[in-house]
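Reader: I am new to this structure and would like a close look at one strand and its surroundings. Please take it slowly and explain the terms.

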Amino acid sequence: AALEHNNRREKTGAVRTAMEKANVKEDEIVSVGIGIPGVADRNGVVVFCTNLGWHDVPLVELMQKVIDKPIFVNNDATVAGFAEAVAGVSAGVKDSVFVTLGTGVGGGIFIDGKPYSGAHGVGSEIGHIIIVDGGEMCTCGTAGCWERYASATAIIRMGKQAAQENPECAIAKAVEGDLEKITARTVIDAAKVNDLADIPSKEILIARMLGSLIGPIQSLAFAL
C-alpha cells in the first residue's frame with residue numbers, strides 16, 4: 001500500500017513517457033514486459049528485490065491500475081538475455097548464458113531457447129554464488145557472493161578502501177581526495193597504469209579468478 005501511495009504517480013508518468021517516446025498509443029499495446037533486479041513469482045509478485053528494498057510487492061497488480069494490459073515480470077538479466085537470444089549476439093543459438101555486470105552480477109540462462117529459472121525462480125541468480133567463505137556481506141543477507149567482488153559496486157568499494165588507506169595512490173589523486181567521486185572507471189584507469197598496489201592482493205586475486213566461473217556455470221546450465 002505504501003509503495004502504491006508513494007510511487008503510483010511516478011510509475012504512471014514513466015509508462016506514459018515511454019509510450020510518448022515510442023509514439024505508441026495504449027490501444028496499440030498488446031502486452032507489457034518488465035525486468036526487475038530481483039525475483040518475481042508466476043503471479044507477478046516481486047518476492048524480493050534487495051537493491052530496491054522490495055519484498056512481496058504485487059507489481060503486476062499495481063501496474064495494471066496504470067495500464068490495463070497483460071503484464072509479465074521477470075529478472076532483468078533474464079529478459080536482457082532473452083532479447084540477445086531473440087535478436088542479439090546469441091540469436092540462432094539454442095543454449096546460452098548471459099551475464100550482466102553493474103550494481104550487482106546478474107545472469108540469464110537459456111536452454112533449448114527458453115529461459116531457465118529453476119523451481120523457485122532463482123536458478124539464474126549467478127551473482128549470489130558464494131565464492132569466498134565468510135567474505136563481504138551481500139544485500140541478499142549472506143556473505144561472499146560473486147557480485148560482492150565482480151560488480152561495479154565492488155570495484156568502487158575496493159577503490160575507496162585503497163584511496164582511504166593511501167592518499168597518494170593514483171585512485172585518490174584522480175579524484176583529488178574526494179572519495180565519493182570514485183567510480184569503477186577511476187579504478188580501471190588506475191589498473192591501466194598498474195597502480196593497484198593498495199587494493200588488498202586477496203581481492204585482486206579473487207577478481208582475476210572470476211572469469212573462470214563462466215565456463216563451469218555454462219557447463220552446469222547445459223547439463224540441466
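Author: **Strand 3 and its surroundings**

Cysteine 49 lies in strand 3; helices (H or I, at least four residues) and strands (E, at least two) are DSSP runs, numbered from the N terminus. The model is predicted, so local features need pLDDT of at least 70 and side-chain atom pairs pLDDT 80 or more, while totals for chains, interfaces and linings use all residues. Residues are numbered from 1 along each chain as its sequence is written, and side-chain values use heavy atoms, with hydrogens and water left out.

Cysteine 49 is buried because its relative accessibility is 0% (buried means under 20% relative accessible area, exposed over 50%, partly exposed in between, with a 1.4 Å probe and protein chains only). Its C-alpha atom is 6.4 Å from that of valine 39, 10 residues away along the chain.

Strand 3 (46–49) also supplies at least two residues of the largest nonpolar core. Such a core is a set of buried Ala, Val, Leu, Ile, Met, Phe, Trp, Tyr and Cys residues joined through side-chain atoms within 4.5 Å. This one has 18 residues, and Ile34, Val46, Leu59, Ile71 and Val73 touch the most other members. Other elements that each supply at least two residues include helix 1 (2–21), strand 1 (32–36) and strand 5 (71–75). Helix 2 gives the most, with 4 residues.

Valine 122 lies elsewhere along the chain, in the loop between strand 8 (114–116) and helix 4 (147–150). With a relative accessible area of 37%, valine 122 is partly exposed.
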